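Let's take a walk through this one together, starting where the chains meet and then heading inward. Have your viewer open and follow along.

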Amino acid sequence: MKSVTKFDRGEDMKKILLGSLLMVCALQTTSLEVPTNAKTQKNISREEFDIESTITEPNIGLSAENRAAVGKLLNALLADEFAVYVKTLNYHWNVESPQFKELHALFKDLYEKQFSICDDVAERIRSLGEVASGTMQEFTKNSKIKEQPGKKLRDQEMIKNILQDIEAIIATIRVDAQACVDTYGDAGTNNFLLNLLEQQEKTAWMLRASLAK
Amino acid sequence: MESNIGISAANRKKVAQLLNTLLADQFLLYVKMLNFHWNVKSHHFNDLHAFFKSLYETQFIVCDDIAERARALDEAAFGTMQEFAKNTRLKEQPGKKLSDQEMIKHLLEDHEAIIRIIRIDAQTCMDKYADLGTNNFLLNLLEQQEKTAWMLRASLVK
């Protein structure tokens with residue numbers, strides 16, 4: 001039993017030596033990296049270092065000013081899209097119609113689509129290193145979509161309202177997409193917005209087709 | 001057609017008011033979860049991004065269920081941000097940067113506040129409005145949200 005213990009100790013020593021070697025290598029790498037990322041900061045904790053590091057700022061060929069400007073434009077769009085999302089939820093819940101089941105399902109389909117749009121717009125904002133609006137206060141303040149609290153609407157009026165809101169959003173996106181490429185040189189957001197434009201033009205057609213003439 | 005389910009119109013209205021106020025709270029909490037899903041920064045980003053997603057998905061169903069319970073009582077459900085913002089008892093922190101742990105703490109505190117509200121509301125439905133259906137509905141919700149609160153509490157570093 002004793003010899004086995006001795007043998008294990010020898011193995012342990014090998015491991016410790018190997019470990020020390022690896023640590024030295026790691027320390028050397030760290031000492032090479034730290035000064036380039038935190039030039040003026042001394043004795044910074046690992047936690048602070050990671051959070052404040054310049055690596056967390058996107059370096060994707062867009063200036064900070066332009067990223068902020070596009071972030072702002074996208075946050076305004078997010079507020080509009082979110083308002084339409086809440087409106088489609090509202091109609092899903094409150095619709096009364098001889099076609100109840102059909103419209104309840106149509107509005108569900110719409111709010112699901114509208115939710116993914118909101119999620120995509122918010123995540124595009126985050127991809128630019130900007131903060132996405134995430135409070136009802138910001139959404140209400142920044143949205144140009146009108147709500148009608150407490151108003152009872154007929155089924156056809158509901159469809160008409162959503163159609164008009166989406167058409168207003170389409171018009172906004174058309175201008176925004178152009179601004180992204182012309183003013184801010186942001187090809188990614190331009191492409192993102194054009195895909196969204198096309199998708200919402202399709203939804204608008206379906207709503208238009210659901211309106212009785 | 002007026003609903004004829006053994007609860008007076010006056011009582012249905014009162015219960016729906018209570019449900020709509022609760023819906024406003026739950027919807028605000030839903031938006032907060034979305035916010036944190038989008039804006040979290042953490043060494044555990046992927047974990048928390050997914051955790052907040054699972055929370056907002058559950059929370060969405062909670063909102064949908066409450067709205068449909070109000071409709072089952074033949075009352076209108078709130079469906080505008082104006083109504084949600086006006087009636088909620090919870091607070092938002094627009095523009096405030098929060099750490100991952102602060103986010104979890106906010107969600108926990110909101111859950112606990114809602115749980116305390118539901119505990120009283122469920123009793124009121126039974127004692128004052130004789131609405132067994134909503135009482136049962138709220139107790140199921142209470143139990144579910146107590147479970148979520150535990151998970152949030154367990155995620156907080158001591």
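How many salt bridges does the rule find across the interface of chain A and chain B? Just 1 turns up there. Keep in mind that this is a predicted model. The pair in question is Arg71(B) with Glu96(A), and their closest N and O atoms sit 3.2 Å apart.

So much for charge pairing; now for the rest of the interface. On the chain A side, 36 residues are in contact with 34 residues of chain B. Put together, the two chains bury about 3000 Å² between them, and 59% of that is on carbon and sulfur atoms. Polar contacts show up as well: the count between chain A and chain B is 17 residue pairs, with both partners at pLDDT 80 or more.

Which elements of chain A give two or more residues to the side that touches chain B? They are α2 (46-52), α3 (64-94), α4 (100-127) and α5 (136-142) of chain A. The largest share comes from α3(A), with 10 residues. If you color that side of chain A by class, you'll get 17 nonpolar, 11 polar and 8 charged residues.

Next, step inside chain B and look at a helix pair. Generally speaking, two packed helices are described by the angle between their axes and the distance between the axes. Here, helix α2 (residues 45-72) of chain B packs with helix α5 (residues 132-154) of chain B at an angle of about 170°, the axes being 12 Å apart. Angles over 145 degrees count as roughly antiparallel, and α2(B) and α5(B) are therefore roughly antiparallel to each other. From α2(B), the residues making the contact include Phe51(B), Leu55(B), Val62(B) and Ile66(B). Among those on the α5(B) side are Phe137(B), Leu141(B), Gln144(B) and Gln145(B). By class, this contact has 7 nonpolar, 7 polar and 2 charged residues.

Finally, back to salt bridges, this time everywhere. Searching the whole structure finds 19 of them over all chains. One to pull up is Glu201(A) with Arg174(A), where the closest N and O atoms are 2.9 Å apart. Glu201(A) lies in helix α7 (residues 187-210) of chain A and Arg174(A) in helix α6 (residues 155-182) of chain A, so this pair ties together parts that are 27 residues apart in sequence.

Definitions and conventions
Residues numbered from 1 in each chain as written. Chains lettered and ligands numbered in written order. Predicted model: local features only at pLDDT ≥ 70, side-chain atom pairs only at ≥ 80, totals over all residues. Heavy atoms only, no water. Axes fitted to C-alpha atoms, helices over the stretch in contact; angles between N-to-C directions. Helix = DSSP H or I, 4+ residues; strand = E, 2+ residues; numbered from the N terminus. Parallel < 35°, antiparallel > 145°, perpendicular 65-115°, else oblique. Contact = heavy atoms within 4.5 Å. Nonpolar A, V, L, I, M, F, W, Y, C, P; charged D, E, K, R; others polar. Buried area = accessible area lost by both parts, 1.4 Å probe. Salt bridge = Lys/Arg side-chain N within 4 Å of Asp/Glu carboxyl O. Polar contact = N/O pair within 3.5 Å; in protein donor to acceptor, adjacent residues only side chain to side chain.
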